[in-house]
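Here are some exercises to work through with the model on your screen. Try each task yourself, then follow the solution.

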Amino acid sequence: MIGNISALREYNRDMRRIGIALGGGGALGMAHVGVLAALTEHGVPIDCIAGTSAGALVATGYAFGMTTEEMTAVAEKLNWPHISSFPNSLLGFASNHSIEADVERYIGKKKIEQANIPLAIVVTDIEDGEHVVLRRGRAALAVQASTCIPGMFVPVEIDGRKFVDGGLTENLPLSPLRDMDAEIRIGVNVVRWHARREVKTVIDVMMNTISILASHQRHLVAPNVDILIEPDLSAYTPSDFKKSAEIIAEGYRATMEKIPEIKKMMGRRSHHRAGKSQGVLVRVWNWLRD
């Protein structure tokens with residue numbers, strides 16, 4: 001598995017702008033690492049990225065330059081005891097503050113707008129139900145908010161609002177890609193409902209709840225995605241952190257099957273979509289981030 005695929009992007013105004021959306025799914029989100037590894041291996045550059053919940057964690061690592069090897073090492077350490085801590089609050093059984101700490105350990109105290117490529121993180125306002133896309137502010141805190149399972153974890157406060165898991169409102173975050181002018185939109189869905197999922201703990205109940213909500217959002221996917229990658233994760237649950245290697249491998253395998261289709265779509269954009277003003281903006285963006 002090769003390193004960060006942002007290094008593959010060299011300016012070419014005839015290249016179609018590629019964006020990728022990484023969906024939530026607890027431990028199933030580790031499949032995103034395999035997806036990115038396969039894209040890297042085949043020279044598919046990513047110009048913008050959006051993430052929800054577990055997808056936000058991977059998207060942020062990628063956007064700030066982490067390699068797939070580094071993300072694999074992080075995935076292997078994850079488990080519920082590591083993620084959770086006892087809170088001093090009536091709004092949740094636990095706190096996922098350790099997520100914020102872990103993200104800062106790898107990328108530093110960076111802001112979303114400082115990412116190597118445009119990054120969007122989806123969260124949900126638990127008080128008014130609003131779908132919110134974070135494009136500015138502390139990256140690690142945004143990831144903590146997006147991975148905050150309601151009921152289990154205490155809501156994360158940002159600018160006076162209480163945020164929880166973005167999966168409640170947009171588990172597969174395709175809408176931010178449109179706003180970031182992606183011309184090819186790749187979506188990675190890791191919570192396709194394959195079969196009955198037995199619940200044994202309160203964690204299973206909460207994770208299944210979000211998975212069910214995500215399955216009912218599928219009507220929003222087709223009109224907004226060009227390439228949909230759905231690894232077969234029916235043998236795993238959102239709590240299977242100990243099976244990270246197998247889940248990552250499924251993400252890699254599913255993406256390899258889509259590589260010919262992606263390559264075909266990567267061709268040159270039509271001239272009316274690649275005007276001079278757009279080319280200048282891309283060159284300025286690349287200069288600023290180098």
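Helices (H or I, at least four residues) and strands (E, at least two) are DSSP runs, numbered from the N terminus. This is a predicted model, in which local features need pLDDT of at least 70 and side-chain atom pairs count only at pLDDT 80 or more, while totals for chains, interfaces and linings use all residues. Residues are numbered from 1 along each chain as its sequence is written, and side-chain values use heavy atoms, with hydrogens and water left out.

**Exercise 1. Get an overview of the protein chain.**

Step 1: Start with the elements. The protein chain has 11 helices and eight strands.

Step 2: Look at burial. A residue is buried under 20% relative accessible area, exposed over 50%, and partly exposed in between (1.4 Å probe, protein chains only). By that rule, 55% of the 290 residues in the protein chain are buried.

Step 3: Turn to the surface. Accessible areas come from the Shrake-Rupley method with a 1.4 Å probe, and for residues only the protein chains shown count as cover. The total for the protein chain is about 13400 Å², with 54% of that belonging to carbon and sulfur atoms.

Step 4: Check the contacts (heavy atoms within 4.5 Å). Take the contacts in the protein chain between residues at least 6 apart in sequence: 77% of them join residues at least 24 apart.

**Exercise 2. Find the salt bridges of Arg161, and say where the partners sit.**

Step 1: Pin down the term. A salt bridge is a side-chain nitrogen of Lys or Arg within 4 Å of a carboxyl oxygen of Asp or Glu. The structure holds 11 of these salt bridges.

Step 2: Take Asp125 and Arg161. They form a salt bridge whose closest N and O atoms are 2.8 Å apart. This pair ties together distant parts of the chain, with Asp125 in strand S3 (residues 119-125) and Arg161 in strand S6 (residues 161-165), 36 residues apart. Asp125 is buried at a relative accessible area of 4%, whereas Arg161 is partly exposed at 26%.

Step 3: Now take Glu130, which also forms a salt bridge with Arg161, the closest N and O atoms being 2.7 Å apart. Here too distant parts of the chain are linked: Glu130 lies in the loop between S3 and strand S4 (131-134), 31 residues from Arg161 in strand S6. Glu130 is partly exposed, with a relative accessible area of 39%.

**Exercise 3. How far apart along helix H10 are Glu250 and Arg253?**

Step 1: Find the pair. Glu250 and Arg253 form a salt bridge, with 2.7 Å between the closest N and O atoms.

Step 2: Count along the helix. They are three residues apart in helix H10 (residues 244-265), which means about one helical turn separates them. An α-helix has 3.6 residues a turn, so residues three or four places apart point the same way.

Step 3: Check exposure. Glu250 counts as buried at 18% relative accessibility, while Arg253 is partly exposed at 43%.

Step 4: Go back to the salt bridges as a set. Those that share partners join Asp125, Asp128, Glu130 and Arg161 into one network.

**Exercise 4. Is Thr52 buried or exposed?**

Step 1: Locate Thr52 in strand S2 (residues 48-52).

Step 2: Read off the accessibility. Thr52 has a relative accessible area of 0%, so Thr52 is buried.

Step 3: See what surrounds Thr52. Beyond the neighbours within four places in sequence, the contacts of Thr52 include Leu22, Val122, Ser146, Asp165, Glu170, Asn171 and Pro173.

**Exercise 5. Describe how helices H1 and H2 pack.**

Step 1: Two packed helices are described by the angle between their axes and the distance between the axes. Axes are lines fitted to C-alpha atoms, for helices over the stretch in contact, and angles run from 0 to 180 degrees between N-to-C directions.

Step 2: Apply this. The axes of H1 (residues 31-41) and H2 (residues 54-63) come within 9 Å and cross at roughly 35°.

Step 3: Name the residues that touch. H1 contributes His32, Val33 and Leu36, and H2 contributes Gly55, Val58 and Tyr62.

Step 4: Look at cover. In H2, nine of the 10 residues are buried, so H2 is largely enclosed by the rest of the structure. H1 is mostly covered as well, with 10 of its 11 residues buried.

Step 5: Look just past each helix. Gly43 follows H1 and has a positive phi, near 65°. Gly65 follows H2, also with a positive phi, near 95°.
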